Amino acid sequence: MPAIRVNMRTVVNAASIRREQYNDAEHVVIPSYTLPANVVMNGGLYPAAEIDAHYLKLEGTLAPLGHPVVNGQHVSAFRAEAIHNNDIGAWNRNVKKVGSRVYSEKWINVNVAKRTEGGKRLLERVAAIERGDADAKPIHTSVAVYVNQLDAPANNDGYSWIANIRDIDHDAILLDEPGAASPE
């Protein structure tokens, strides 16, 4: 059975954004949560045991601006075209389980982000959030998970298949689309 890629979106807690020095460079750190246990998304159930077995693969992955697309198809954030088009100097660090969700931090190298239009937009959004601008739009994230779809028993719980996670590719930063698994 071929694996499919699923993107799960969440909203960032704006009050927790901070700035840090790392490797002799200023970084904006955006904490976020993803992959809540037993979430039903895109018609599939993501069992807690599957998430627990794979969430640490998120450590050190890229945090591109948006999900990379080449010729209309979603691709790995590690593909050359994806890096050229979506990199803003951000990656995922300090991944851990907190309660029933996966916590990660987006570490954004400010100097690298300033070199791209997308990075500049992100830094402007962060600054607006830090200032407390009432009209500042939220920052969302979306994790890209490769799964095999396993048949599910008939149920009334809103899913028709069960995710068998094969890999976690990246956790993207989203500025222009809402999170699918946001607190709302």
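Hi everyone, let me start with a tryptophan: Trp161 is buried, with a relative accessible area of 8%. One caveat before I go on: this is a predicted model, and every value I quote is computed from it.

So who keeps Trp161 company? Its ring pairs with that of Tyr46; the two centres are 5.8 Å apart and the planes make an angle of 75 degrees, so we call the pair edge-to-face. Remember that planes over 60 degrees apart count as edge-to-face. Tyr46 is buried as well, and its relative accessible area is 0%. What I like here is the sequence separation: Tyr46 belongs to strand S5, residues 44–46, while Trp161 belongs to strand S11, residues 161–174, and they are 115 residues apart. The contact therefore links distant parts of the chain.

How many aromatic pairs turn up in the whole structure? The search finds 4. Ring pairs also connect Tyr22, Trp91 and Trp107 into a cluster.

Now, on to the charges. Above the ring of Trp107 we have Arg93, whose charged end sits 4.3 Å from the ring centre. Another arginine does something along those lines: the charged end of Arg101 sits over the ring of Tyr33, at 3.9 Å from its centre.

That brings me to strand S9, which covers residues 101–109. Is it buried or exposed? Of its 9 residues, 8 are buried, so the rest of the structure largely encloses this strand.

Which strands pair with S9? On one count, S3, residues 25–34, runs antiparallel to S9 and is joined to it by 8 bridges. As an example, His27 has Asn109 as its bridge partner in S9. Then there is S8, residues 90–98, also antiparallel to S9, with 7 bridges between the two. Here Ala90 has Ile108 as its partner, and Arg93, our arginine from the Trp107 ring, is bridged to Glu105.

How do S8 and S9 connect? They form a hairpin with 2 residues between them, and Gly99, in that turn, has a positive phi of about 65 degrees.

A reminder while you look at these strands on screen: in a regular strand, side chains alternate between the two faces of the sheet.

To wrap up, please have a look at two places: the edge-to-face pair of Tyr46 and Trp161, and strand S9, with 8 of its 9 residues buried. Thanks for listening!

Key: Residues are numbered from 1 along each chain as its sequence is written. This is a predicted model: local features need pLDDT of at least 70, side-chain atom pairs count only at pLDDT 80 or more; totals for chains, interfaces and linings use all residues. Side-chain values use heavy atoms; hydrogens and water are left out. Rings of Phe, Tyr and Trp (its six-membered ring) pair if their centres lie within 6.5 Å; planes under 30 degrees apart count as stacked, over 60 as edge-to-face and the rest as tilted. Helices (H or I, at least four residues) and strands (E, at least two) are DSSP runs, numbered from the N terminus. Buried means under 20% relative accessible area, exposed over 50%, partly exposed in between (1.4 Å probe, protein chains only). A charge sits over a ring if NZ of Lys or CZ of Arg is within 6 Å of the ring centre and within 35 degrees of the ring normal. Two strands pair if DSSP finds at least two bridges between them.
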